[in-house]
Amino acid sequence: MATVNPGASDALDATGTTATALARETRSLDDRLTLLQARMVYIALAFGLACFWFGLVYLQLINENGMWKPPGVHQPTLLVGLFEMGLIQASGIVYFWGQWAGLYQRKFNILTLGLWVAALLGLASFGFHIYELHQPGFNSLAPPLPGAKYPAVHVSQLQTGYTSVFTVTEGVFTILLGASLFVLFGIANRARLGRFAKSAVAVEAFGEFWGFMAAVALLNFLALYVQPFFHSG
Amino acid sequence: MAVAAPVERRSTLFTSNVFTALLVAVLGFLFIEYVIGRGGGPLWAFGLSPNSTLLLAYIVGVLLYLAVLGFFTYPFKWILGGDETQEERLYRYGAVPGIGKYFRLTLDHKIIGAQYLFTVLLFFCVGGFNAMLIRLELTGSNAHYFSPQTYLTLVGEHSVMMLIMASSIIIGPFGNYFVPLMIGAKRMAYPRIEALSFWLFLLSGLVLLTAIFYDGFPTGWTGYAPLADQAHLGMDAYLVAFGLAGTSMIVSGINIVATVLLMRAPGVIWTRINATTWAVVVASILAWLAAPILIGVLTMVGFDRAFETGLFVPAWGGSAFLYENLFWTFGHPEVYILAVPAFGVVLDILSVFSRKPLFGYRAAVVSMFGIGLLSWFVWQHHLFVSGLTPGLRPFFMFSTEMISFPTGIIFLSALGTLFLGKVRFTLPMLFALAFFPNFLLGGISGVFLSDVPADIQLHGSYFVQAHFHFVLMGGTLFAFFAGVYYWLPKWTGRQFNDLLGKIHFWTMFLGFNGTFITLAVVGLLGMPRRVPYYPPYLHTTNFIASVFAFILGASIFPFLANLVYGIVWGKQVNENPWQARSLEWQTTTPPPIENFDEIPQVVAGPYDYGVVPSRPMAILRPSQVTAAGATAGAE
C-alpha cells in the first residue's frame, strides 16, 4: 500500500529510532537488567502456565470416559469469575495510570495513589480467588460424597477433567497472585516513602509483570468460565 | 561496587550459614509433619491428607532454609524502604577472610562456582554409590541383597540425583565461575538469583535423599503418572526435589542469558565469545524455557496427590498421555541442557591443546543453537510404544534424526581443529578426546532408537539405558573432568598430579566403556530396566558389567586424591599455565573480587592460535594504554 504521507512516516520512524537510541543511552545497566529480568520471569511463567492450558485443551478434546464435564458438574459462578478477572484488569489500568503520572509527568503523589489502589484492587481479586477455591460449587445440586476422605479438600467432592484443570489452574494462579501482591504492596510502600524519585525502573518492570498477570487472568476467565459454557462434555 | 578493605561482620540468626539453615529447616519440617500434622494435630483435625501435610512441611522447610540463609533480608528491607549498605555488600561479596564464606550466602560468582563444584562432586559420589549398590544387586539373577522395593528406591535415588547433578555439572561450576571472566564482566547480572540457584540446587539433592524415610518412589527419574499418583509418600520428596532443581535451573538460566546479553566488556562482539560461553548460553535458554514445564507438570502431580484432582487418572477424566507429553516436552530439552555445555568445553580445550583456531567456529555455534531448537520437536519419540498415533511417528523419527546433523557439524569442527594441530596430550586433553568416541556411541545408538521399528524392540531395555549413559556420562561427565583439570589451576594457582590424573582417566575410560558396552549387549539380549531379576543366561554379561562398574566406581578415588593434592600440595603455576588466549586466563590467579583491575578492552578473538600477525585478545588496562597514547581499541 502506498504511503499517504511519506514525510510523516519518515518522521515517525526517525522519532522512534531516536527514542530507542536515547533509551539505550539514558538507561543505566542496572535499569536494563531489571527490565530484562522481569521480562524473562514472565516468559518463564508463561511456559509453566501453558501446561495447565494445554491440559485443558487436551483433556477436553479426548473427554476420557466421558468425564471431562459430565452432567451434574457445574462451573463456579460466572459472577465470581467476572469479579476476579475484572478487578485485576481494573488494577492493571490504575497501575498504568499511576505509572504514567509518576514516570512521565513526575507526579509522584499520583504514582503512590495509583499503586496503592492497584494493590487493593488486586487484594480484592485475591480474596475472591480464595473464596472460590474454598467453595467452587462444582456440584451444587448434589450433596458432597458421603465417603469424602479428606473433608478439608472440597474439590475432592467430584473428580472430573474440568474440575481438576480448574483447580490446578486457578490454584496456581492464586498463589502467583498472592506472591505478586506482596511485591506490589512493597513497591507501593517505597512509593509512599518517595524512593522512586531517582529511578523508578522497579515500577516500570513490575508494571509489565502486572500486565502479564492481567492477561493471564483474562485468559483463565475465557478458558475456564466462558469456553466450557459451550462444551459440557 | 568499589572494592574496599575486608570487613568483619558477625553472623546473626538470619544471616547464618548452611548448617544453621538446615537445622532450622529440619525443625520446621518436623514440627509441621509430626507435631501438628499427624494424629490429633490441628492440620490432621482440619482434614488435610498425609500428602498435603508432607508437601506443606517441605514448603515450610524450604522457606525457613532460605530465610535463615538470608535470602529474605534484602527484599524485606527493600520493601520497607531501605537499601543495602556498602558494608553489607562487601560482606555479601565475600570480602572477608577465612573459609566461612563458602558455607553461607555469598554473591561473588567465583565463590558460588566453587560451592557448585563441591556440591556437584558430593551429589556425584552419592548417586554413584547408589549405582554401585544397583550393580551389586545385579551380580546375581535373583534379588539377594535388597528387596525389589529397596532396589527401585536405589534406582530412583540414583537416577534423579544424577539428573539433578548433571543439569548443573558444567553450568554450575564453570558457567558461574568463568562466564563473567570470559566476557570481561565484573560480576553476574543478578548475583542474588545466582546464589539462589546454588542454594536451591543443594537443597534439592538433600530433599531427594529424604525420600528414603518415606519408602522411596517407584517411578525412576521420569515420575510417570498415574503410578506417581498412587506411590508412597516418598513420591512427594521426588516432586519437591525435582521442583527445586527446576527452579534452580530457571533462575540460573535467566542469570546467565542476561549476563551474556548485557554485561560484555567493550569489544566482546558475538564472534569473540568462546564456545564454552555460547554452549552455556544455549543450555541456559533451554533451562529458562523448559524447566517451567517441569515445574508445571510436577505441580499437577502434586495436586493429584494432595487434593485428589484427577489430571492423570483416566477414570476421573484425566490422562496418562497428558503427563507423558508434558514431561517429555521438558525432558528432551533437558537432555541438551546436560549435553550442550559439554560441547563448548571440549571444543575450547581442543583448540588450546592443538594450538589451532577452532575450525568452523561459526558453524559450531550455529549448530549448538540448532540442537537447542530441534530439541523442542522430538519429545514424542519417547511415546512410540505408548500408543502414539501411528501417523505421527515418521515426523518424530525424522525430527530426532535431524539432530544428528548439527551434532555432526560439531564433530567436524573438532576433527578439523585437531587436523595438523600440535596436539599436547595433557590431562584436560585426554578427557576432551575421550568425550568424542563416548558421545559418538551415545549418538549412534540414539539414531537406532529414533527408528520406530528398533525402538519398539528396544524400548525400556538396557540398550536404552546404555545409550543414555553414553550421552550423559560418556559425554557430559568426561567434559566435566576435562574442565576440572583445565580450569582448576586458575582457581587455585596449583597444578594437579599428572600420574594420578592419568590413573583416573584410564580407569574411568575403561570402566565406563566396559560397563556400558556390556549393558548395551545385555539390552539387545532382552533385559528390561528397573527390574532386579533376570534370566540365568544373562548372568555372565551382567557379572562382567558389574565388575567394570566397580572399576568405574573406583576411578573416583584417584580423582579425589588428586583434587586434595592439587589444592593443597600441587605445584604452583603461573596465571596462564596452558598458554590459552581466552579472557579468563588473562587476569590474576585467583581473580580479584571484580575479576579485572579495569574493564578490559577486547580487540581480538579467543582462538587466534598460530595466526600471524596475532594480537592479544584484550588490552587489560585500557586507561594506561590511552594515557600512553597507544592505539587502544584498534577495532
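Where in chain B does Arg355(B) sit? Select Arg355(B) and you land in the loop between H13 and helix H14 (361–374) of chain B. Keep in mind as you click around that this is a predicted model.

**Stop 1: two arginines with positive phi**

While you're on Arg355(B), check its backbone: phi is near 55°, a positive value in a residue other than glycine. That deserves a look, because most residues other than glycine have a negative phi. Arg355(B) has 14 other C-beta atoms within 10 Å, so it is classed as partly exposed.

Now hop over to chain A and pick Arg106(A). Its phi is near 60°, again positive in a residue other than glycine. Arg106(A) is in a loop too, the one between helix H3 (78–104) and helix H4 (108–134) of chain A. Buried or exposed, with 11 C-beta neighbours inside 10 Å? Exposed: the cut-off is 12 or fewer, and 11 C-beta neighbours put Arg106(A) under that heading.

**Stop 2: chain B as a whole**

Zoom out and show chain B as a cartoon. You should find 23 helices and two strands. The C-alpha trace spans about 80 × 60 × 50 Å along its principal axes. For a compact globule of 635 residues you'd expect a radius of gyration near 26 Å, and chain B, at 25 Å, agrees with that.

Colour by burial next: 57% of the 635 residues in chain B are buried. If you draw a contact map, take the contacts between residues at least 6 apart in sequence; 82% of these join residues at least 24 apart.

**Stop 3: where chain B touches chain A**

Select the residues of chain B that are in contact with chain A. There are 37 of them, facing 40 residues of chain A. On the chain B side, the elements giving two or more residues are helix H4 (73–79), helix H11 (234–262), helix H12 (275–307) and helix H13 (320–354). Which element gives the largest share of that side? That would be H12(B), with 11 residues. Colour this side by residue class and you get 26 nonpolar, 10 polar and one charged.

**Stop 4: H3 against H11 in chain B**

Keep H11(B) on screen and add helix H3 (residues 50–69) of chain B. The two axes come within 10 Å and cross at roughly 35°, and the crossing is right-handed. To see the contact itself, show side chains for Asn51(B), Leu54(B), Leu55(B), Tyr58(B) and Val62(B) on H3(B), plus Asp236(B), Val240(B) and Leu244(B) on H11(B). By class, that contact has six nonpolar residues, one polar and one charged.

**Stop 5: H20 against H22 in chain B**

For another helix pair, select helix H20 (residues 498–524) and helix H22 (residues 556–568) of chain B. Their axes are 8 Å apart, at an angle of about 155°. Anything over 145 degrees counts as roughly antiparallel, and H20(B) and H22(B) therefore get that label. This crossing is left-handed.

From H20(B), show Leu500(B), Gly501(B), Ile503(B), His504(B) and Thr507(B); they meet Pro558(B), Phe559(B), Ala561(B), Asn562(B) and Tyr565(B) of H22(B). The class count here is six nonpolar, four polar and no charged residues.

**Stop 6: two cis peptide bonds**

Follow the chain on from H22 into the loop that leads to strand E1 (601–602) of chain B, and pick Pro590(B). A cis peptide bond joins Thr589(B) to Pro590(B), with omega about -15°. Most peptide bonds are trans.

Then jump to Pro226(B), in the loop between helix H9 (191–209) and helix H10 (227–230) of chain B. Ala225(B) and Pro226(B) are joined by a cis peptide bond as well, with omega about 10°.

**Stop 7: two buried residues**

Pick Val464(B), in helix H19 (residues 462–492) of chain B. Val464(B) has 21 other C-beta atoms within 10 Å, which means it is buried. Leaving out residues up to four places away in sequence, Val464(B) touches Leu449(B), Leu458(B), His459(B), Gly523(B) and Arg529(B). Put a distance label on Val464(B) and Arg529(B): they are 65 residues apart in sequence, with C-alpha atoms 8.6 Å apart.

Finish at Tyr91(B), in helix H5 (residues 86–92) of chain B. Tyr91(B) counts as buried, with 23 C-beta neighbours inside 10 Å. Set a C-alpha to C-alpha label from Tyr91(B) to Ile59(B) and it should read 29 Å, for a pair 32 residues apart in sequence.

Key. Residues are numbered from 1 along each chain as its sequence is written. Chains are lettered from A and ligands numbered from 1 in the order in which they are written. This is a predicted model: local features need pLDDT of at least 70, side-chain atom pairs count only at pLDDT 80 or more; totals for chains, interfaces and linings use all residues. Two residues are in contact if their C-beta atoms, placed from the backbone, lie within 7 Å. Helices (H or I, at least four residues) and strands (E, at least two) are DSSP runs, numbered from the N terminus. Ala, Val, Leu, Ile, Met, Phe, Trp, Tyr, Cys and Pro count as nonpolar, Asp, Glu, Lys and Arg as charged, and the others, Gly among them, as polar. Axes are lines fitted to C-alpha atoms, for helices over the stretch in contact, and angles run from 0 to 180 degrees between N-to-C directions. A crossing is left-handed if the near helix is turned anticlockwise from the far one by less than a right angle, and right-handed if clockwise. Angles under 35 degrees count as roughly parallel, over 145 as roughly antiparallel, 65 to 115 as roughly perpendicular and the rest as oblique. The radius of gyration is taken over C-alpha atoms; the globule rule is 2.2 Å times the number of residues to the power 0.38. A residue is buried if 20 or more other C-beta atoms lie within 10 Å of its own, exposed if 12 or fewer, and partly exposed in between; C-beta atoms are placed from the backbone.
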